[in-house]
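This report describes how the strands and helices of one protein chain are arranged around its interior. The sequence and the structure are shown first, and the discussion follows them.

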Amino acid sequence: MTVEKASPLESVCKKKSYRIDSSNIGFLKFILEAYEGMAQLTTIDPALGFIDVFVALGCEEEFELLLSRLKTEMLIEDRVGPAT
């Protein structure tokens, strides 16, 4: 039996997975960096636009508000399951 351990980031952050247009990965990373300490973006598969965002605990509401505004400007879809 294998036990999956949480990453160190997941103990202080909530991981969310998305698919975006690959041309917007850098832009989204830049926007999130402007909100220092709120979230960190990691690219999982740049060709497919698969990203993970680690949202700091306590910043979820602010992140969701920002994300809802960004969704009006670009494709951002929830992604479930591992990157393929």
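How many of the seven residues of S3 are buried? In this predicted model, the strand S3 is mostly covered, with seven of its seven residues counted as buried. The covering applies to both of its faces, since Phe 50, Asp 52, Phe 54 and Ala 56 are buried on one side, while Ile 51, Val 53 and Val 55 are buried on the other. In a regular strand the side chains alternate between the two faces of the sheet.

**The sheet**

S3 belongs to an open sheet of four strands, arranged in the order S2-S3-S1-S4 with antiparallel pairing. S2 and S4 are the edge strands, each of them pairing on one side only. From one strand to the next, the twist averages 35°. Helix H2 packs on this sheet and touches S1, S2, S3 and S4, and its direction makes about 10° with that of S1. The other helix, H1, lies across S1, S2 and S3 and runs at about 160° to S2.

S1 and S3 run antiparallel and are joined by seven bridges, whereas S2 and S3 pair in the antiparallel sense over six bridges. Strand S4, which covers residues 76-78, pairs with S1 over three bridges, again in the antiparallel sense. Some of the residues that stand opposite each other in these pairings are set out below.

| Residue | Opposite residue | Strand of the opposite residue |
|---|---|---|
| Cys 13 | Ala 56 | S3 |
| Lys 15 | Phe 54 | S3 |
| Gln 40 | Phe 54 | S3 |
| Thr 43 | Ile 51 | S3 |
| Tyr 18 | Asp 78 | S4 |

Phe 54 thus appears as the bridge partner of Lys 15 and also stands opposite Gln 40. The hairpin formed by S2 and S3 has four residues between the strands, and in it Gly 49 takes a positive phi near 75°.

**The nonpolar core**

In soluble globular proteins, nonpolar side chains tend to be buried together. The largest nonpolar core here has 20 residues, and those with the most contacts inside it are Tyr 18, Leu 32, Ile 51, Val 53 and Phe 63. Two or more residues are given to this core by each of strand S1 (13-20), helix H1 (25-34), strand S2 (39-45), strand S3 (50-56) and helix H2 (60-70).

Tyr 18, which stands opposite Asp 78 in S4, has an extended list of partners even when residues up to four places away in sequence are not counted. Among them are Gly 49, Phe 50, Ile 51 and Val 53, together with Phe 63, Glu 64 and Leu 67, and also Ile 76, Glu 77, Asp 78 and Arg 79.

H1 has Ile 25, Leu 28, Ile 31 and Leu 32 as its buried residues. Seen down the axis of H1, these buried residues fall within an arc of 130°, so they line one face of the helix. They pack against S1, S2, S3 and H2, while the face of H1 turned away from the buried side carries the exposed residues Phe 30, Glu 33 and Ala 34.

**A buried loop residue**

Where is Met 38 found? Met 38 is in the loop between H1 and S2, and it counts as buried because its relative accessibility is 2%. Leaving aside its neighbours within four places in sequence, Met 38 is in contact with Leu 32, Phe 54, Val 55, Ala 56, Cys 59, Glu 62, Phe 63 and Leu 66. Of these contacts, Ala 56 is 18 residues apart from Met 38 in sequence, yet the two are 5.4 Å apart in space, C-alpha to C-alpha.

**The cysteines**

Why does the structure hold zero disulfides? A disulfide is a covalent bond between the sulfur atoms of two cysteines, and the cut-off applied here requires the two sulfur atoms to be within 2.5 Å. The cysteine sulfur closest to that of Cys 13 is in Cys 59, and because the distance is 8.7 Å, it is too far for a bond. For Cys 59, in turn, the closest cysteine sulfur is that of Cys 13, at 8.7 Å and again too far for a bond. Cys 13 counts as buried at 12% relative accessibility, and Cys 59 counts as buried at 19%.

Terms used
Residues are numbered from 1 along each chain as its sequence is written. This is a predicted model: local features need pLDDT of at least 70, side-chain atom pairs count only at pLDDT 80 or more; totals for chains, interfaces and linings use all residues. Side-chain values use heavy atoms; hydrogens and water are left out. A nonpolar core is a set of buried Ala, Val, Leu, Ile, Met, Phe, Trp, Tyr and Cys residues joined through side-chain atoms within 4.5 Å. Buried means under 20% relative accessible area, exposed over 50%, partly exposed in between (1.4 Å probe, protein chains only). Contact means heavy atoms within 4.5 Å. Two strands pair if DSSP finds at least two bridges between them. Axes are lines fitted to C-alpha atoms, for helices over the stretch in contact, and angles run from 0 to 180 degrees between N-to-C directions. The arc is that of the directions from the helix axis to the C-beta atoms.
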